[in-house]
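Reader: I like to know what stands behind a label before I trust it. Can we go through this one, with the cut-offs on the table?

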Amino acid sequence: MTAAGFKRLKLGVLISGRGSNLQALLDAVADSAFPAEVALVLSNRADAYGLERAAKAGVESAVIDHKPFKGDRPAFEAAMDARLRQSGVELVCLAGFMRLLSPWFVNQWRDRMINIHPSLLPSFKGLDTHQRVLDAGGRLHGCTVHYVRAEMDDGPIIVQAAVPVLDGDDADALAHRVLAQEHAIYPLAVRLIAEGRARVEGERVRIDGDSQNPAAALVSPAG
Ligand code: GRF
């Protein structure tokens, strides 16, 4: 419970590296009026910079290195699952977590696990999205927060933001523009879920409570 008397949704954030999306979530939850808190940051790499971000924010973290499991993915995932439950996690947020998750793990957290992906899904699943958009001559690019399903970068879409592709963009410039939007929409998606306003119906997400769709209203300026 918070001082304001409401219960905050407990997040478990899974990372493998830099953790800038983790930082966006840490910044959001630092506001006591935000309806979620970070209960655990879990990394599969001990050297992930995101772990330093967690420490700085005074948030609990843990490392479960996949390497000692020597390819035994069920055992690795069972360990992660147990650790998340130990911290009372209610919503898993994948934030640059670079391990594929099995259908078993995905099912444990069905409709309680979300991911951020740097493209306007369902286009450009997978890696190197910025370069692939440039190579395809795309005019618009962006990012998506979605519920996780067993297929990679698949699942009901919660929030998207679009950015323009500009003349002279290289992959880094485009990545930079997209990343700024990622940092805006990940906390927004978490807020919508925590407030009970984003509901999965069939395989689509319905957003309650606004006459406009708050999950599609973000189109960034060119800068
Ligand atoms: C982001 O581009 C995110 O969309 C993708 O992985 C990257 C993670 O970056 N899933 P960071 O670790 O959050 O800085």
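Reader: Why is H66 called buried or exposed, whichever label it gets?

Author: Keep in mind that this is a predicted model. H66 has a relative accessible area of 18%. Buried means under 20%, so H66 counts as buried.

Reader: Where is H66, and what does it touch?

Author: You'll find H66 in the loop between strand 3 (61–63) and helix 3 (73–86). Leaving aside residues up to four places away in sequence, H66 touches N44, F76 and R99.

Reader: What makes the H66 and N44 pairing a polar contact?

Author: Their side chains are joined at 3.1 Å, and the limit for a pair of N or O atoms is within 3.5 Å, with one able to donate a hydrogen and the other to accept it. The side chains of H66 and R99 make a polar contact too, at 3.3 Å.

Reader: Staying in that loop, what makes K70 stand out?

Author: K70 lies in the loop between strand 3 and helix 3, and its phi is near 45 degrees, a positive value in a residue other than glycine. Most residues other than glycine have a negative phi.

Reader: And which label does K70 get, buried or exposed?

Author: Its relative accessibility is 76%. Exposed means over 50%, so K70 counts as exposed.

Reader: What about D128?

Author: D128 isn't a glycine either, yet its phi is positive, about 55 degrees. The residue is in the loop between strand 5 and helix 5. At 60% relative accessibility, set against the cut-off of over 50%, D128 counts as exposed.

Reader: What else is in that loop between strand 5 and helix 5?

Author: P122 is there, and a cis peptide bond joins L121 to P122, with omega at about 10 degrees. Most peptide bonds are trans.

S119 is in the loop between strand 5 (113–117) and helix 5 (129–136) as well.

Reader: How do you know whether S119 is buried or exposed?

Author: Its relative accessible area is 0%. The cut-off for buried is under 20%, so S119 is buried.

Reader: What surrounds S119?

Author: Not counting residues up to four places away in sequence, S119 touches F124, T129, H141, G142, C143 and T144. The S119 side chain also reaches the backbone oxygen of S123 at 2.6 Å. With the limit at within 3.5 Å, that distance fits a polar contact.

Reader: What about H146, and which label does it carry?

Author: H146 is in strand 6 (residues 140–147). Its relative accessibility is 1%, and buried means under 20%, so H146 counts as buried.

Its contacts, not counting residues up to four places away in sequence, include M113, I114, N115 and H117. D153, D154 and G155 are also among them. The side chain of H146 reaches the backbone oxygen of D154 at 3.3 Å. As for Q160, it is 14 residues from H146 in sequence, and the two are 8.7 Å apart in space, C-alpha to C-alpha.

Reader: Why is R110 called partly exposed?

Author: R110 has 42% relative accessibility. Buried is under 20%, exposed is over 50%, and partly exposed is in between, so R110 counts as partly exposed. This residue is in the loop between helix 4 (103–108) and strand 5. It touches R149 and E203, not counting residues up to four places away in sequence.

Reader: Now the ligand. Which residues are around it?

Author: The list is R18, G19, S20, N21, G96, I116, H117, P118 and E182. Helix 1 (20–29) and strand 5 each supply at least two residues of that shell.

Reader: How do you know that the ligand has polar partners, and which are they?

Author: The limit for a polar contact is within 3.5 Å. An oxygen atom of the ligand is 2.8 Å from a polar backbone atom of G19. A polar backbone atom of N21 is likewise 2.8 Å from a ligand oxygen. From E182, a polar side-chain atom lies 2.8 Å from an oxygen atom of the ligand.

Reader: How much of the ligand does the protein cover?

Author: The ligand has 370 Å² of accessible area on its own, and the protein covers 84% of that. The space taken by the ligand is the largest pocket.

Conventions. Residues are numbered from 1 along each chain as its sequence is written. This is a predicted model: local features need pLDDT of at least 70, side-chain atom pairs count only at pLDDT 80 or more; totals for chains, interfaces and linings use all residues. Side-chain values use heavy atoms; hydrogens and water are left out. Helices (H or I, at least four residues) and strands (E, at least two) are DSSP runs, numbered from the N terminus. Buried means under 20% relative accessible area, exposed over 50%, partly exposed in between (1.4 Å probe, protein chains only). Contact means heavy atoms within 4.5 Å. A residue is near a molecule or strand if one of its heavy atoms lies within 4 Å of it. Accessible areas come from the Shrake-Rupley method with a 1.4 Å probe; for residues, only the protein chains shown count as cover. On a 1 Å grid over the protein atoms alone, a cavity is a set of points where a 1.4 Å probe fits but cannot get out, and a pocket is an open set with protein on both sides within 12 Å along at least five of seven lines; lining residues have an atom within 4 Å of a point. A molecule sits in a cavity or pocket if more than half of its atoms lie within 2 Å of its grid points.
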